[in-house]
Amino acid sequence: MGTIHLFRKSQRSLVGKLTHEFRLVAADRRSWKILLFGAINLICIGFLLMWCSSTNSIALTAYTYLTIFDLFSLVTCLISYWVMMKKPSPVYSFGFERFEVLAVFASTVLAQLGALFILKESAERFLEQPEIHTGRLLVGTFVALFFNLFTMLSIRNKPFAYVSEAASTSWLQEHVADLSRSICGIIPGLSSIFLPRMNPFVLIDIAGALALCITYMLIEINNYFAVDTASAIAIALMTFGTMYPMSVYSGKVLLQTTPPHVIGQLDKLLREVSTLDGVLEVRNEHFWTLGFGTLAGSVHVRIRRDANEQMVLAHVTNRLYTLVSTLTVQIFKDDWIRPTLSSVPIANNMLNLSDHHIIPMPSLKAADNLNPVTSTPAKPSSPPPEFSFNTPGKNVNPVILLNTHTRPYGLGFNHGSAPYSSVFNQGFGIPGMGATQGFRTGFTNVTGRYGTNTYGQPRP
């Protein structure tokens, strides 16, 4: 038998979780207006689809897809309210702001898929153009236009409002902006409406309605049914061109990229942080867009060993918090270590160099009583000299790396290493004693003028 877990919480299904979250959002009075517009939208979509079937107009079908997009925008607005109610959890430590980004991305992508479907149907209709009935065509156009504009202007959709301003302009907006500058040059009072650029959703609603009105007039006058297909293609292209920049912008947010318009400001703040007192280096910086208008980032700061960590952390956070709302700063002190010299012979297997070998020299304490052949007499009573940190003096066994190969310079000098036994057993390189190696030089047969001229005679 399996283990019986007392007081175990029951796991709710996905439908149960969605129902619980919907009740949480519906409890807020701000969402009641959105729910009301959503219900009216569903009724309007039902009537429009019936009129599309009765008129056999694909242009009206393409315009109805904009009403379906309005329904997606209302759902996105509800998700935005839900995100404001939810608090960060251990699973979602940065909060739930990316859900509204995902909702915007999904809505715009679905609108573009609908436009591609219209283009595919329009291509088939060019081969065999059906008859278009104009009985409900104009009625459906004005019903859809009125409801779309009323929804866009009555509901403050924060995610789509931000994306429409932050994303790049569409080709439809650019052409209308050029036309608006010409009109505002004649009538300056219209500059507040048409400039700097119109709302892309309002613009596509008006342009689609204008295309349907032209279609109605041409069919009524000349029975030119092909203009319905041409209008459907125009509405699909305008829909695709309007939604594509928003999809690109929201997709970059989902990919955690750094917005291009804040890169210069971030570089300036990082330069200011690197000049703070105690800061040695700023590295591993990474900044990304968490949600619409929300930046997150992490940075590593290396400071001096004697710097105050809390003080540096406070200054760094104060500088970056003006632009990055969610910031993680890791402070670590400088980990440099004073270099030391080893006074013991190194093993032969520590260096894998073919042209070097290691020779441990014997202790020089036994040679203290001898007369060194140098110009400065030895002072046994003086302490061993020290010139730097842990530098070995004469009482420390040094380690010497020598090259065993003879370099043929062509001058007749032997640059090879002489054995140390010859140094101590052959008269310390005094001239006249037959020494083959000097104490201070590696040359052979060179007169050594260290303290005497000839053997036993003092130097004048």
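Where is the place of Ser170, in a helix or in a loop? Here are some notes on this predicted model, starting with that residue.

1. **Ser170 and its surroundings.** Ser170 belongs to a loop, the one between helix H6 (158-166) and helix H7 (171-186). With a relative accessibility of 3%, Ser170 counts as buried, because the cut-off for that class is under 20%. Leaving aside residues up to four places away in sequence, Ser170 touches Gly241, Thr242 and Pro245.

2. **Helix H10, on the other side of those contacts.** H10 covers residues 226-254, and Ser170's partners include Pro245. The helix has 29 residues and reaches 41 Å from its first C-alpha to its last, close to the 42 Å expected at 1.5 Å a residue. You may like to look at Met243, where H10 has a kink of about 25°. This kink comes shortly before the proline Pro245. After H10 comes Gln256, with a positive phi near 60°.

3. **Helix H9 and its two ends.** H9 runs over residues 200-222, 23 residues in total. Its span from first to last C-alpha is 33 Å, close to the 33 Å expected at 1.5 Å a residue. At the N-terminal end, Asn199 acts as a cap, with a side-chain oxygen 3.0 Å from the backbone nitrogen of Phe201. H9 is followed by Asn223, and the phi of Asn223 is positive, near 55°.

4. **Cysteines.** How many disulfides does the structure hold? The count is 0. Two cysteines are still worth a glance: Cys44 is buried, at a relative accessible area of 9%, and Cys52 is buried as well, at 7% relative accessibility. Both labels follow because buried means under 20% relative accessible area.

5. **The chain as a whole.** The protein chain has 13 helices and 7 strands. Of its 460 residues, 33% are buried. Among contacts with a separation of 6 or more, 74% are between residues 24 or more positions apart.

6. **Where to read with care.** Average pLDDT for the protein chain is 75, and 68% of the residues score at least 70. Which stretches deserve a second look? Over residues 338-347, pLDDT stays under 50, and the model has 12 contacts for them beyond four places in sequence. Over residues 350-396, pLDDT also stays under 50, and here the model has 49 contacts beyond four places in sequence.

Note on methods. Residues numbered from 1 in each chain as written. Predicted model: local features only at pLDDT ≥ 70, side-chain atom pairs only at ≥ 80, totals over all residues. Heavy atoms only, no water. Helix = DSSP H or I, 4+ residues; strand = E, 2+ residues; numbered from the N terminus. Buried < 20%, exposed > 50% of the residue type's maximum accessible area, 1.4 Å probe, protein only. Contact = heavy atoms within 4.5 Å. pLDDT = per-residue confidence, 0-100. Expected span 1.5 Å × (residues − 1). Polar contact = N/O pair within 3.5 Å; in protein donor to acceptor, adjacent residues only side chain to side chain. Disulfide = S-S within 2.5 Å. Bend = angle between axes of the 7 residues up to and from the residue.
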